[in-house]
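Trainee: Got a minute? I'd like to go through this structure with you.
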Amino acid sequence: MATNPRQRVSISVPRRNIITNELFFDEAWERLSTAIREIYSKNKLGLKTLSFEELYRNAYNLVLHKRGASLYTGVENVISEHLNEVVNSYIIPSFPSPSTSYPSQGIKGSSQKYFGGPNFLRVFRDIWDDFITGTMMVRDILRYMDKAYVISANVPPIYDLGLDLFRDIVIFSKTQPIENLLISTLLDQIILEREDDIIDKGSVKKIVEMLLSLNNDNRKSLYHSNFESSFLLSTSEFYKAESQHFLKTSDVMQYLRHVEKRLKEEELRVSQYLYASTEPKLRRVVEEEMLEFHILTLIEMKNSGLISMLDSNKIEDLSRMFKLLKRTDSGHIQMRKTISEHIKATGKTINQTYGGIQFSNVASSDDNLPALNPVKWVESMLELKEHFDTISESAFDKEKSFTNDMNASLESVVNDNSRSPEFVSLFIDENLRKGLKGKSEIEIDDLLDKTITLFRFLGEKDVFERYYKQHLAKRLLFGRSLSEDAERGMISRMKIECGYQFTHKLEGMFNDMRISTETMQEYRNSLSTSSTVLASNNIPIPDLNVNVLTSTFWPMAHQVQPSIHFPPELALCIEKFQKFYLSKHNGRRLTFMHHLGNSDLRVQFTTCRKEINVSTYAMTVLLTSFGTSDDWVAYIHIRDVTAIPEVDLKRTLQSLSLSKYKVLLKRGAGKEVKDDDEFMFNGKFTAALNKIKIPTISAASSHPTVSSSATAVENDEEREATMERIGETRKYQIEAAIVRVMKSRKQLDHNELLTEVVRIMGNRFTPSPAMIKKRVESLIEREYLKRDEND
């Protein structure tokens, strides 16, 4: 059969049976709407007759046949009707009634704004739970509509629609103040819990979860947009009133314990029924109202503030204040400031009591000057340091800023006393001479470590070095040191702090003493048996012990020593040693420092025989002027025979005739030695001890001392001379530093040069800019430096 080539062939898809009958839609919708109402009303009998498969198929067919919009609108209307009925039937009848006895917040008592609040929250909780359960079931029935219709129509899914309707009809009811009542009741319950009442936390938590689930038009939860700000404001008001009340009725320690308790309670409250993001905001509100706004009040409160805690060593309370005020912006700053001021005030008292410092502008006579007690001054400073170190470690977690501020304050206090370098050296001298007796190695190391911390605070370490050398020289020369290991331990600690240059002379002094011991052993071995007596009168040669000291290491004044007229036996002994020493060390020169020597003499008195230890000058006086004579001897004669300088001779005669042990008798008025005074050997001298030490009277001090047995503090004249010598030494040290810097840098700006010199000299002293400028000018004059011609 032929076909027509022009005839078109078409293939079409078979048409489905499209539902156009409104009656069918009404029937399907009737079944769905009835089911939705039964679901929300929780009608158990009605729910048993419902078939999920049938309901799902009805919804599916309606959406499939383009009736999604009608279905969506119908569901929205059914849910709205249900919610309106819920509001009228359940929520309004459960409204709490206002309280007529609502006091100020923050003070314990009945703080309820409403009666019936717990019941209102329980009703709301049950309504919400039922609604969410029902909405989830409706969502499952209409799941195909969510997939096929909602996205294309750009409308919320059924579950979200239900939440939005609950928000608008229930929470934001246009006819009833449900939102205000709900939030106020929540806040009311939280306040009650803060006042130790028992509340229904489950209901509160469920309502909070509801507010988190409901969003406003900006898709921000009602919890954050409507509840949280009101909650934080209520919290602020509560703690503002409570803080004011507690500050009036309790001390700082009780208040801080209460704040600590409140912070823990609020943290627990968030974990139990609030949202986690509220915790930092809530914590900040409590910190501001309870702490930040009252920092100065807490720190300065009389009898219980920070100063009282420091004085009473209340470690636990100090730790609590430290941790709590750390939460604030300025708490630690104020604490550090107060602690620094307290340290300075305490240090000022120590300086006034033991340091001889007058801080008032009122003129004071020498008799009214505070007593000088170097040992007590250092002990008090160490106690102050140890006290605050303990607080820093136990209460402040070794916070660096606190430690630095406390150390800076202690350093300031120490350097307020211009005699602090001398006092520290005297304290070390006192302990190394007799303070270490009976102490273990651990105790000795602990004492040295504490002392070196105070040494670290000294701003004028070169002044300390000079005093330390003087005191060390006396300990070594007079054999007063209790422990060589302790001496070397102290020097090694100073070397760690200040470097080798600071201690190499001190180490040289120890080396001299060791070499001197070896030299004297060699000298004694060199003496023959026949040379142990004088050839002329068969008198035994005195036992001589000489310490040969390197002049650059020891702090002796480099001045011409007087030529003393020694007794013949001693003069011969000195001559023998000189020949021995110079024969072994060609090119060296020995200068005897007679004022530093001492002698042991056996003296026969009328009724007893004693061994006395006196200075070399005193020995010379006794042997040359009173060795064989019992008559009165004129001062002029003693001076001519011994050739001892007058100042030293007068002090020597005072020591022998006016001290506790009077081996000479003085004829002449007054305690001062005059040219017409006469002296006589005291043959009737007696004493309980067989060995007696007669020290030389030191120069009178312009300050009263607390103990004549303590190492003497320099008087004003001696101190002025010491500082003058130190000033001269500093000139050379600054010049050396300037030259060292300029050699390495070649050309340098003036300010940079100042900075470099201060840095180099920092471990000895801090030179002033004016001092450095003078040394620069001096170097320019001597052509060690020259100014830049272009600058």
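Mentor: Sure, we'll take the whole chain, then one pair of strands, then confidence. Keep in mind that this is a predicted model.

Trainee: How many helices and strands are there in the protein chain?
Mentor: The protein chain has 30 helices and 8 strands.

Trainee: And what share of the residues is buried?
Mentor: Of 791 residues, 44% count as buried. The chain exposes about 42,900 Å². Carbon and sulfur atoms supply 50% of that area.

Trainee: What about contacts along the sequence?
Mentor: Take contacts between residues at least 6 apart in sequence. Of these, 70% join residues at least 24 apart.

Trainee: New topic. Which strand does β3 pair with, and in what sense?
Mentor: Strand β3, residues 598-604, pairs with β4, residues 609-615. The pairing is antiparallel, over 7 bridges. A hairpin of 4 residues joins β3 to β4.

Trainee: Which residue in β4 stands opposite D600?
Mentor: That's N613.

Trainee: Which residues of β3 are on the covered face?
Mentor: S599, L601 and V603. The uncovered face has N598, D600, R602 and Q604. In a regular strand, side chains alternate between the two faces of the sheet.

Trainee: What is the mean pLDDT of the chain?
Mentor: The mean is 86, and 89% of the residues reach 70 or more.

Trainee: Where is the pLDDT below 50?
Mentor: Residues 101-106 are one such stretch, with 16 contacts in the model beyond near neighbours in sequence. Residues 700-710 are also below 50, and that stretch has 19 such contacts. Where pLDDT is low, don't read the predicted coordinates in detail.

Technical notes:
Residues numbered from 1 in each chain as written. Predicted model: local features only at pLDDT ≥ 70, side-chain atom pairs only at ≥ 80, totals over all residues. Heavy atoms only, no water. Helix = DSSP H or I, 4+ residues; strand = E, 2+ residues; numbered from the N terminus. Buried < 20%, exposed > 50% of the residue type's maximum accessible area, 1.4 Å probe, protein only. Contact = heavy atoms within 4.5 Å. Areas by Shrake-Rupley, 256 points an atom, 1.4 Å probe, with all protein chains shown as cover. Pairing = 2+ DSSP bridges. pLDDT = per-residue confidence, 0-100.
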